[in-house]
Amino acid sequence: MSKLEALRADLSGIALADDAPTLRMASRDFFWFSPVLKPLLEGKVADLVATPSSKDELRRIAAACARHRVPLVIRGGGTGNYGQAVPLAGGLVVDMRKLGRMVFAKPGGCRFEAGANMLDMDKALDAHGQELRFHPSTRAQATIGGFVAGGAAGAGSCTWGQIDNLGAVTALEVMTVEEEPRLIELRGREILKVMHAYGVNGIITEVELPTAPAHDWAERIVTFDSLTAAARFGQAFMECDGLAKKLVSVHDPRIGPYLRRLAPYLETDRAFAILMVSEPQADTLDLLIADHAGRVTFRRGAAEAKAVAFGTHKERGGPGPLYEYTWNHTTLHALKMDPSITYLQLRFPAPDNLKLVAWAEKEFHEDVFFHLEFQRREGKVITSSLPLVKFTTPERLDEIMRRAAEGGVQPSSPHTFVLNNAGWKRIDAPQPEFKRLADPHGLMNPGKLLGWEGGARQAAE
């Protein structure tokens, strides 16, 4: 009996699939955003997909994989961009989306199973007058476990930073992949052992998070004479601490044609900002917009914006939730129109972030179209970017990142699936050491974390 046959026998009663369409869909994420990753990862598929409906079933899966030495990849919504969910060594993909139970919700905090969909989480929290502090633009598809294991920031990061910041996650429960799986509770800085680790360090089973009081978020699109003018406004909005904000996203005029659903609200050759503001303060925001010579071209009240996001809006037409045109959703919209587009990840550190933006816009104007995502991190306003790039060669992507770094911008390549080869996305934590504890047989998402095997051999000697 082969390993796979033995595994299948041990998993009797758990939902399994091995048909070609399911295997293909369960073995993909959005790695195809990258023309570098696409030829490397296309065609990599699992041998079997398991969909546990309880933690007990998940424990059986972990034990069986350890017993038969079958590699496994843990999958949420599959919304990552670096091949995190691609099984390089075949084996088993574990679809976590049926493990989405809310453990608790209370003022200031919540706990959910790792497969919980982030939009469903906000719907559940809304009944308690609470909301997630921030969420990715893929809120409708992403799971909270996947966001912790492979995400970073999104709508709300303009106020609350990103997922690896101290305090962004309260606790994680992790299941080990051993013949007798254990549950380990991580808190404080211990969380970094599995944070942004692509699921190589044990199975995240529950996530405990701080929450914020729910706001009525109104939406705005505002146009400006130039990207520089729009960026100055974005900075000023960020520095208005009295204005509660959920999204500050500024776009080069050349991005407008890629966002077809927003076309009626954009103006030729004018940069634009996509904003979410607490509705009682929207009139005050209008004063700041006027100070920066901006023109409001789209207004959506909080009740309608919430109905659109929650899928309860009865009227058709108009754009979807405005956060779905920002962050890496911008890349998705562009790729639908132009397959030659790809993207990079850049960060413009304070206090010179606006000067660096102006420099980069001029330096890379020919083939890089910037959109700026404003964040507040560790008390500072940080300007991030996932710029659209007209792809020519991998060498040109490397040149842009090298030249950006020389100019003081911080690049991080999205064109690698290797966890510890990704610039500032790397986490300063003992992830290889924890892998030896939580995944002693090296079965979880093999090929994504380099160098840990040598330490495992030394420990065994």
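## Cavity lining and helix H10

Biologist: How many nonpolar, polar and charged residues are in the lining of the largest cavity?

Modeller: The lining has 9 nonpolar residues, no polar ones and 1 charged one. Keep in mind that this is a predicted model.

Biologist: Which residues line the largest cavity?

Modeller: Met118, Leu132, Arg133, Phe134, Ile144, Phe147, Ile163, Ala168, Leu209 and Pro210 do. Arg133 counts as the charged one.

Biologist: Which helix and which strand each supply at least two residues of that lining?

Modeller: Helix H6, residues 144–150, and strand E10, residues 203–213.

Biologist: How many cavities of 30 Å³ or more does the structure hold?

Modeller: The structure holds 1. About 80 Å³ of space lies in the largest cavity.

Biologist: Changing topic, to helix H10. Which of its residues are buried?

Modeller: H10 covers residues 302–310, and its buried residues are Ala302, Ala305, Ala307, Val308, Ala309 and Phe310.

Biologist: What do those buried residues pack against?

Modeller: One helix and two strands: H5 (118–126), E11 (217–224) and E14 (295–300).

Biologist: And what comes just after H10?

Modeller: Gly311, with a positive phi of about 75 degrees.

Biologist: Last topic, confidence. What pLDDT does the protein average?

Modeller: The average is 93, and 96% of the residues score at least 70.

Biologist: Where is the pLDDT below 50?

Modeller: Over residues 454–461. Beyond near neighbours in sequence, that stretch has 2 contacts in the model.

Definitions and conventions. Residues are numbered from 1 along each chain as its sequence is written. This is a predicted model: local features need pLDDT of at least 70, side-chain atom pairs count only at pLDDT 80 or more; totals for chains, interfaces and linings use all residues. Side-chain values use heavy atoms; hydrogens and water are left out. pLDDT is the predictor's confidence in each residue, from 0 to 100. Contact means heavy atoms within 4.5 Å. On a 1 Å grid over the protein atoms alone, a cavity is a set of points where a 1.4 Å probe fits but cannot get out, and a pocket is an open set with protein on both sides within 12 Å along at least five of seven lines; lining residues have an atom within 4 Å of a point. Grid points are joined across faces, edges and corners, and a volume is the space filled by probe spheres set on the points. Helices (H or I, at least four residues) and strands (E, at least two) are DSSP runs, numbered from the N terminus. Buried means under 20% relative accessible area, exposed over 50%, partly exposed in between (1.4 Å probe, protein chains only).
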